[in-house]
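Here is a short guided tour to read alongside the structure. Keep the viewer open and follow each part as it comes up.

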Amino acid sequence: MSDAKHRLLDGLNANQQQAVSTTEGYVRVIAGAGSGKTRVLTHRVAYIVEEHKAWPSEILAITFTNKAAAEMRERIDHLLPDDSRSIWIMTYHALCARILRMNIDALGYPRDFIILDSDDQKQVLKNIYAELHIDIKEIPYNFALSHISNSKMDLINPKDAEASATFPLEVKLASIYKAYVKYLTAQKVLDFDDLLLFTYKLLKENAEVLAQYQRKFKYIHVDEFQDTNGIQFEIVKMLSGMHENLCIVGDPDQAIYGWRGADPKIILDFEQYFKGVQTIILDRNYRSTQSILNAANKLIEHNRDRVKKDLQAHHGMGEAVSFFEAADDTQEAQYVAHTIDQLLAEHGNGILNDIAVLYRSNYLSRILETTLIDAHIPYRIYGDIRFYERKEIKDMISYLRLIHNPNDDLAFNRVVNEPKRGIGPKAMSVLADYAEANNCSRFECLANIDALGFTPKVRKALSEFAEVIIELHELQATKSLADIFAEVYQRSGYKDMLTADPQNQSRVENINALETSLKELDTQESDDDTSKLAAYLQDIALYTSQDDDQNDDGVTLMTVHSAKGLEFDYVFIYGMNDAVFPSKRSLEEGNIEEERRLAYVAMTRAKKQLYITASAGYNFISKMTKVPSLFLNEAGLWEGNQYKNERIIQKPLETFKKNDRIQNIEVSTDFKTGQKVTHNKYGDGIIVSLDGDLGTIAFAKPHGIKTIVVSHQFLKIKE
């Protein structure tokens, strides 16, 4: 079939057609955001089969996620309904696992080898730590596993790691690495990184196995090549060494995973590794408007490490990009909620799933979530859990609950051994039995701790815990919320636990965001005699009870990293301030190219309208006065005082147009203690107590006692 009439080229633009039909040799496809790269890849694979250049089983297509592999498989199945099943479409790790299952015996391992998951790895480390007398507080498991993974991916063996270790921490990490590899080798088991490492060794050291797969794969394709690391590239280089037909597809401007080992220089320098490389640029964008692309193009031009391209929109100019600077972060969140409310009023609730709010870090979602709840706008967190459901937040809220009311057994049970104090199930059972026998709370049991028969270690831990809670309980009337929080965060040991592990950075940021909310509350005047801590805990209960309403439809909140590969009609980039986006670390280190690529990815998620927001004031987390991000200037969206931006007018959320789905729901208001009720999620229950709009309700197992807002739409009086 001639190319001029080939069905697989029909409907493609000239550059896409070139990428599909250029099948021989080394081909680099620079595919801009929204340029149809998946379509090009799948059509290219089908084209090779239909042109009889190879059997389906002789084609390999590598992706980075199982989801992407499944999507590619589905599309190719549609294009080649009778010939697609034998095509190898999989992730790097799946490819390596498949090769090893057939050939790992050449390395002295059984073919039915076991792959360790993260829990298995931590159990191995637990035994190693005991053997080497290493304290987990000094070197957390995740930190050690990250070091081991980086060493493997950099092809550093334990012997070399030991030889190069200089500082005490490096020496300990090297000893852990050595013992870890020794254990895995003895047990003949592999971890996730070993799938890559062992495949690399197998192909490097066994010419027969390498030749087998070189002969097999006549055509190799790799998607999202900007995210490839060194060892993955070496594997692909070896596999393509015989037929020399390798097509890589990616976009250096969307390389945002350097922090986990990806090396964008591989795609940038691709022409230096192979002779006769053909580069094809896909710059026709089928997603966004030209207004959005103009801003994104201007921004990314400031990066030096890139392949030059300017995206051109298929859909025309569209609405101008909107930038809004609020007076503070509260008003910034209100602006986002108000604008979403206007979009819903104009287009209807059917567009809820077409709206996304993107932010640089998870901690930024706190004020957004509470504001959207107040505005009755359904939302969902993509790729993460809601702010007040995150473990570290629930732990610290439980500490505050216990300080306010030491007889709160639920809070006590959650934090008495968090961080670990050696209070195990046996000790908790003793406390529960004593409390029931003496009709008292768990905390009240500690007044008679000497009578409970605990070991000296447990008795000491519980006594110190009780001392902290009692002191802060007595100080809550005179100390600020932020001071109480800082005290318990420090004295409980929770701060030391989190900050000991660099991989807990996002959790630390969440804690800092919670502390910021308390500082803000400290500045507000109280309207009644209720203590600020009691009022705060009531507000949190209100928010978390409404969080239980997990809507199928809702505005999507997510980090920019989570948004990679997705698209939405309406996108808000929230918190566009220096030291937030770009991050403070990137500014301090003078390395912001990846941050700029991240902002570029954020912008190019928008299809119809892009809103960018920032706020003035002081950032308690970065400890800096807030100024709009330098990226706004680079994108041509803000030029200091010359930009005519509006500042938000203080406007109560109550004046917003209410969502129709909320307006039309009738809720019961005549609730009484002892009344039987029914809840959409928790089923039937009985109201145990009422405190204003807040009810404590006993539901059947497994739900148990819940404190929720009785006027919530999901709760009704049982007929």
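The report below goes through helix packing, sheets and some backbone details of this model, which is a predicted one.

## The pair α1 and α2

Let us begin with two helices from the start of the numbering. Helix α1 covers residues 14-21 and helix α2 covers residues 37-50. Their axes lie 8 Å apart and the packing angle is about 45°. An angle of this size falls in neither the roughly parallel range, under 35 degrees, nor the roughly perpendicular one, 65 to 115, and α1 and α2 are therefore oblique to each other. Their crossing is right-handed.

Which residues of α1 and α2 make the contact? On the α1 side they are Q16, A19, V20 and S21, and on the α2 side V40, H43, R44 and Y47. Sorted by class, the contact of α1 with α2 holds four nonpolar residues, three polar ones and one charged.

## The pair α6 and α9

A second pair is formed by helix α6 (residues 141-153) and helix α9 (residues 192-205), whose axes are 10 Å apart. Here the angle is about 15°. Angles under 35 degrees count as roughly parallel, so that is the description that applies to α6 and α9. The crossing of these two helices is left-handed.

In α6, the residues S149, K152 and M153 take part, and they meet D193, D194, L196 and L197 of α9. The contact of α6 with α9 is made up of three nonpolar, one polar and three charged residues.

## A six-stranded parallel sheet

Moving further along the chain, you will find an open sheet of six strands with parallel pairing. Reading across it, the order is β11-β16-β15-β12-β14-β13. Which strands stand at the edges? They are β11 (322-326) and β13 (379-381); each has a single partner strand, so one side of each has no neighbour in the sheet. On average, and ignoring direction, neighbouring strands are turned by 20° against each other.

Within this sheet, strand β12 (residues 355-359) runs parallel to strand β15 (residues 568-573), and four bridges join them. If you would like a place to look, A356 stands opposite V571 in β15.

## Helices on the sheet

Two helices that pack on this sheet deserve a visit. Helix α16 (residues 365-374) touches β12, β13 and β14 (555-559), and its direction makes about 155° with that of β13. Helix α28 (residues 593-603) touches β12, β15 and β16 (606-615), and its direction makes about 130° with that of β16.

Is α28 enclosed or open? Ten of its eleven residues are buried, so α28 is largely enclosed by the rest of the structure. The buried residues include charged side chains such as E593, E595, R596 and R597. Also buried in α28 are L598, A599, Y600, V601, A602 and M603.

## Strand β19 and its partner

Strand β19 (residues 676-679) shows its two faces clearly in an alternating pattern. V677 and H679 point to one face and are buried, whereas K676 and T678 point to the other face and are not. Strand β23 (residues 715-717) runs antiparallel to β19, and three bridges join the two. H679, one of the buried residues of β19, stands opposite L715 in β23.

## Backbone details in the loops

Two cis peptide bonds are worth a look. One runs from E418 to P419, with omega near 5°; P419 sits in the loop between α18 (409-415) and α19 (425-438). Another runs from F581 to P582, with omega near 10°, and P582 belongs to the loop between β15 and α27 (584-589).

Two residues beside α6 have a positive phi. H133 has a phi of about 60° although it is not a glycine, and its place is in the loop between α5 (118-132) and α6. With a relative accessibility of 72%, H133 counts as exposed. L155 also has a positive phi of about 60° without being a glycine, and lies in the loop between α6 and α7 (158-164). Its relative accessibility is 41%, so L155 counts as partly exposed.

Notes
Residues are numbered from 1 along each chain as its sequence is written. This is a predicted model: local features need pLDDT of at least 70, side-chain atom pairs count only at pLDDT 80 or more; totals for chains, interfaces and linings use all residues. Side-chain values use heavy atoms; hydrogens and water are left out. Axes are lines fitted to C-alpha atoms, for helices over the stretch in contact, and angles run from 0 to 180 degrees between N-to-C directions. Angles under 35 degrees count as roughly parallel, over 145 as roughly antiparallel, 65 to 115 as roughly perpendicular and the rest as oblique. A crossing is left-handed if the near helix is turned anticlockwise from the far one by less than a right angle, and right-handed if clockwise. Contact means heavy atoms within 4.5 Å. Two strands pair if DSSP finds at least two bridges between them. Buried means under 20% relative accessible area, exposed over 50%, partly exposed in between (1.4 Å probe, protein chains only).
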